[in-house]
Amino acid sequence: MVLYDFLIFILSLVILINGSDFFVEHSAKLARHIGVSEFVIGLTLVSIGTSLPELATSISASFSKESGLIIGNIVGSNIANIGLILAMGALLFVIKTKEKMFIKNSKFLVAITILFIILSIDGIISFIDASLFLIIFTFYLIHLFRAKEEQKEIHYEKLPKRELKKDLTKSILFILLGILGLYFGADLLIPSAINIAKFFKVPTEIIGVILIAVGTSLPELFVTITAARKNLEKILVGNIIGSNISNLLLIIGISGIINPIKISNLALLYLMPFMFVMTILFFIYIRKNWSARLMQGISLLALYLIFILVLFFIR
């Protein structure tokens, strides 16, 4: 039985890798075609696409009234996106974020992180809170596509107009295939990983929380590696910022409308403050243009490992 889970695990990784490859490459082509910068594509299309596993898990948990799973998934994913995914990207590849658009959108991420924590203090994300998140997310998307500085193509060679038109249908098809690959790849990987953990008698409570948070962040990991390898750093950073924004506004918003989300003391006193600290560090490193990216990457990764270790002791 465990051999079957290993095979599914490997297959899901292959699907994720190919899905992210299709998604990043053809999202960049689509960005060139419609005159939108890769950063905006990373913030919107790519980030929402890679957040599909979190969305599916959270919606399912909402119908089951499993608030702890929703908060653990979203807050854990946001921490993993910065402390694990982006940290690995910083250690492996050069990252430059000197443009104003990076700073402005990371400021927005900090702002909504604070708003999320404030609205959680009363112990619940209500229907009104969730509706507010979705309204903010809608206006944020509208602003993104209207903002002039984010519409500029920076450091990217444009293809001839005829070639772009010819590739449009192909690009859209591969983007859809990429989204499907990311979604089903993560969907297959999480249960197989949990079954493997059970076989080796690893505590299921801890493994469940960690694997769901990290497992649903795997699309971001593969998109980050693929984008960095293709020198599409705007998609790389935009994906992390956009995914964390989507997690807090879109996914919490939809989940909270289905059923109010209860906030535990563990989430309020440990998970959320840690997410805030990681988000602030992310913002600081963006402002510094990743001038010491190796040390910055190591610091984020070290903090993430501390987060996991403390979680083990708390449990």
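The pLDDT is the predictor's confidence in each residue, on a scale from 0 to 100. For this predicted model, the mean pLDDT of the protein chain is 81, with 86% of the residues at 70 or more. Confidence varies along the chain: among its elements, strand β1 (residues 124–125) has the highest mean pLDDT, 96, while helix α8 (residues 204–215) has the lowest, 65. Over residues 149–157, pLDDT stays under 50. The model nonetheless gives residues 149–157 a total of 31 contacts beyond four places in sequence. A word of caution belongs here, since predicted coordinates should not be read in detail where pLDDT is low.

Turning to the overall architecture, the protein chain holds twelve helices and two strands. Read from the N terminus, the elements follow the order α-α-α-α-α-β-α-α-α-α-α-β-α-α. Of the 315 residues in the protein chain, 54% are buried. The exposed surface of the protein chain comes to about 14300 Å², of which carbon and sulfur atoms supply 70%. Contacts across the sequence are well represented: when a separation of 6 or more is required, 86% of the contacts in the protein chain join residues 24 or more positions apart.

One pair of helices invites a closer look. A packed pair of this kind is described by the angle between the two axes and the distance between them. Helix α4 (residues 67–92) and helix α12 (residues 293–314) have axes that come within 8 Å and cross at roughly 150°. The crossing of α4 with α12 is left-handed. On the α4 side, the contact is made by Ile79, Ala80, Ile82, Gly83, Leu84, Ala87, Ala90, Leu91 and Leu92. Helix α12 contributes Arg293, Leu294, Gly297, Ile298, Leu300, Leu301, Tyr304 and Phe307. Sorted by class, the residues in the contact of α4 with α12 comprise 14 nonpolar, two polar and one charged.

A single residue offers a local example of pairing between distant parts of the sequence. Leu55 is located in helix α3 (residues 52–63). With a relative accessible area of 17%, Leu55 counts as buried, because the cut-off for that class is under 20%. Once neighbours within four places in sequence are set aside, Leu55 is in contact with Ile251 and Ile254. Leu55 can also be compared with Asn247: the two are 192 residues apart in sequence, yet their C-alpha atoms are 7.9 Å apart in space.

Terms used: Residues are numbered from 1 along each chain as its sequence is written. This is a predicted model: local features need pLDDT of at least 70, side-chain atom pairs count only at pLDDT 80 or more; totals for chains, interfaces and linings use all residues. Side-chain values use heavy atoms; hydrogens and water are left out. Helices (H or I, at least four residues) and strands (E, at least two) are DSSP runs, numbered from the N terminus. Buried means under 20% relative accessible area, exposed over 50%, partly exposed in between (1.4 Å probe, protein chains only). Contact means heavy atoms within 4.5 Å. Accessible areas come from the Shrake-Rupley method with a 1.4 Å probe; for residues, only the protein chains shown count as cover. Axes are lines fitted to C-alpha atoms, for helices over the stretch in contact, and angles run from 0 to 180 degrees between N-to-C directions. A crossing is left-handed if the near helix is turned anticlockwise from the far one by less than a right angle, and right-handed if clockwise. Ala, Val, Leu, Ile, Met, Phe, Trp, Tyr, Cys and Pro count as nonpolar, Asp, Glu, Lys and Arg as charged, and the others, Gly among them, as polar.
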